[in-house]
Amino acid sequence: MSLCSWSILCLNMPGTKESKWMVLWRKFAITGLGVLCPEIMTTTAVGQWESQQPAGAEKSSIGEKEIWTMQMAYFADMGGFRLRTTNGDEFPLDAKQIYYLTTKGYIKQPIYRPRLIDDKNKVDVLLRTIILCQISWFLISVIGRWVQRLFVTTAELTTVSFILCSTVTAGFWWHKPADVVMAEIIKIDVDTDTILNKAGIGPEERDEWRMTPLDFVSRKEWWWSRVWWNFLNILRKMHFKFGSGGRPTDRLADSCQHPLGRRELYMVILMSTVCFSVFFTAWKHDFPTWYELMLWRAASTALMVMLYMLIVIYEVLRAVDRVQERTEQWRQRHFSTHQSPRSDTQHSRLRNTNYYRRIAEIFTRIDKALNCVRNNSPDGDKDLSVPLRVLAPVYVMGFFYCASRAYIMIADILELRSLPPSAYATVKWGKFWPHLG
């Protein structure tokens, strides 16, 4: 599983000041995440693929002689182009920002060169095809063992589930370059302030960006990305480092979660359902003890329940937001916000009482504490605030998901202490194809 996760990785461009060891450590860390939570890797891959679709027509018309393919768009979104302005600012661009700068006339020279990506990409179609063939052979071998009534271990079932998920991830990353380390520099003849002034961004709003000064072009946070950043900020407080940590950023983080449409979200749910269903094939598995069998059933059921609870919460939140929006519109049309002088006087007298002040102080302290939970970003970015009605259930589901995943991996190891003889037998392919016997 580790080799499979390692081989399908397509990480974003490293920072200009990062060492080889830092890049290697990041790849090891994300490989570990892919082994423990392959569905998150698939969600990231689907989000990156989805971000290429709406702007495909726009990106293809950047220049008269420039035709942007999916591979070129991926190369841009992984930080393959860096902008250098006259005032010395240098930061990575994504595809939408390149399109914005080109249509506004800041980028005049063609940025696409033939075979640019082929020269930088370390993984070609042939290598990816070989990896998929190796994965397919393992699946065929497990099916052959099942057909010939040979013992199939839970570790093999876990690997099958992981392979199904990783295959989908590799499919969505098929056009994304891998192991690219050098970005292309785009030089323009204006400074950053000029770009922001022409975009209508005043001096008081220029410091509100998070990653780069061009965040206003393409940054779009959604409920899952906010929850994900909330979780990463907790890890940062535990001294786990993510990203370059500077402003502007030196690289586009791999942890960025691009928005998923409703169709793409249900696509991920369907894929996860298929992967989790593999665990149910061991519902009557011959475990060493009865307790291990019950725990396996509980973990398998918990994974499936958490998956569909996520859908329920997603749909409920969408419905609640629509109801609140319509209620607020109806209230503004039918009720006036003006209060009578008598009502204002009564409220003023109430605020002057000691009881009211104490209650207000308590609620103020509680609200401040809850705000630290809703938005735990170091700079207090208002776009990363998560409502508690979203944060609380997601963290509860995340706990049960991680606990179930952890037990499944532990059970795979514990089962090795007591295996039947057929577990060591090999598939007799001659029974399927006699000429191979």
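The following paragraphs describe strand pairing, salt bridges, a buried threonine and the internal spaces of a predicted model.

Strand β1 spans residues 81–84 and takes part in two pairings. With strand β3, β1 runs parallel, and four bridges join the two. Within this pairing, arginine 82 stands opposite isoleucine 185 of β3. With strand β2, which covers residues 90–93, β1 pairs in the antiparallel sense, again over four bridges. Here leucine 83 is found opposite phenylalanine 91 in β2. Five residues separate β1 from β2 in a hairpin, and glycine 88 in its turn has a positive phi of about 95°.

In a regular strand, side chains alternate between the two faces of the sheet. Strand β3, residues 184–187, shows such an alternation. Glu184 and Ile186 point to one face and are buried, whereas Ile185 and Lys187 point to the other face and are not buried. Isoleucine 185, the residue that stands opposite arginine 82, therefore belongs to the face of β3 whose side chains are not buried.

The structure holds 15 salt bridges. One of them links the side chains of glutamate 90 and arginine 82, with an N to O distance of 3.0 Å. The partners differ in their exposure: arginine 82 is buried, with a relative accessible area of 6%, while glutamate 90 is partly exposed, with a value of 25%.

A further salt bridge is formed by glutamate 315 and arginine 262, whose closest N and O atoms are 2.9 Å apart. Glutamate 315 lies in helix α14 (residues 290–334) and arginine 262 in helix α13 (residues 262–280), so the pair ties together parts that are 53 residues apart in sequence. At 19% relative accessibility, glutamate 315 counts as buried because the limit for burial is under 20%. Arginine 262, at 42%, counts as partly exposed.

Arginine 263 forms a salt bridge with glutamate 264, with 2.5 Å between the closest N and O atoms. Arginine 263 is exposed at 58% relative accessibility, whereas glutamate 264 is buried at 3%. Elsewhere, salt bridges with shared partners join Arg210, Arg219, Glu221, Asp381 and Asp383 into one network.

Helix α3, residues 38–52, contains threonine 43. Threonine 43 is buried, its relative accessible area being 13%. Leaving aside residues up to four places away in sequence, threonine 43 touches Trp224, Gln257, Leu260 and Val268.

Rolling a probe the size of a water molecule over the atoms shows where empty space is left. Two cavities of 30 Å³ or more were counted. The largest cavity holds about 50 Å³ of space. Its lining consists of Ser5, Ile8, Gly34, Pro38, Met41, Thr42, Phe162, Cys165, Ser166 and Thr169. At least two of these residues come from each of α1 (2–8), α3 and α9 (154–172), and α9 supplies the largest share, with four residues. By class, the lining of the largest cavity comprises five nonpolar and five polar residues, with no charged residue.

The second largest cavity holds about 40 Å³ and is lined by Met1, Val35, Pro38, Thr158, Phe162, Arg405 and Met409. Two or more of its lining residues are given by each of α9 and α17 (388–414). This lining is made up of five nonpolar residues, one polar residue and one charged residue. Pro38 and Phe162 appear in the linings of both the largest cavity and the second largest cavity.

Among the open spaces, the second largest pocket contains about 730 Å³. Its lining comprises 33 residues, of which Asp94, Ser218, Arg219, Lys220 and His258 lie nearest the centre. The elements that contribute two or more residues to this pocket are α3, α5 (70–77), α6 (95–103), α11 (215–218) and α12 (223–237). The greatest contribution, four residues, is made by α3. The lining of the second largest pocket divides into 11 nonpolar, 11 polar and 11 charged residues. Arg219, one of the residues nearest the centre of this pocket, also belongs to the salt-bridge network that includes Asp381 and Asp383.

Key:
Residues numbered from 1 in each chain as written. Predicted model: local features only at pLDDT ≥ 70, side-chain atom pairs only at ≥ 80, totals over all residues. Heavy atoms only, no water. Buried < 20%, exposed > 50% of the residue type's maximum accessible area, 1.4 Å probe, protein only. Contact = heavy atoms within 4.5 Å. Pairing = 2+ DSSP bridges. Salt bridge = Lys/Arg side-chain N within 4 Å of Asp/Glu carboxyl O. 1 Å grid on protein atoms, 1.4 Å probe; cavity = no way out; pocket = protein on both sides within 12 Å on 5 of 7 lines; lining within 4 Å. Points joined across faces, edges and corners; volume = space filled by probe spheres on them. Nonpolar A, V, L, I, M, F, W, Y, C, P; charged D, E, K, R; others polar.
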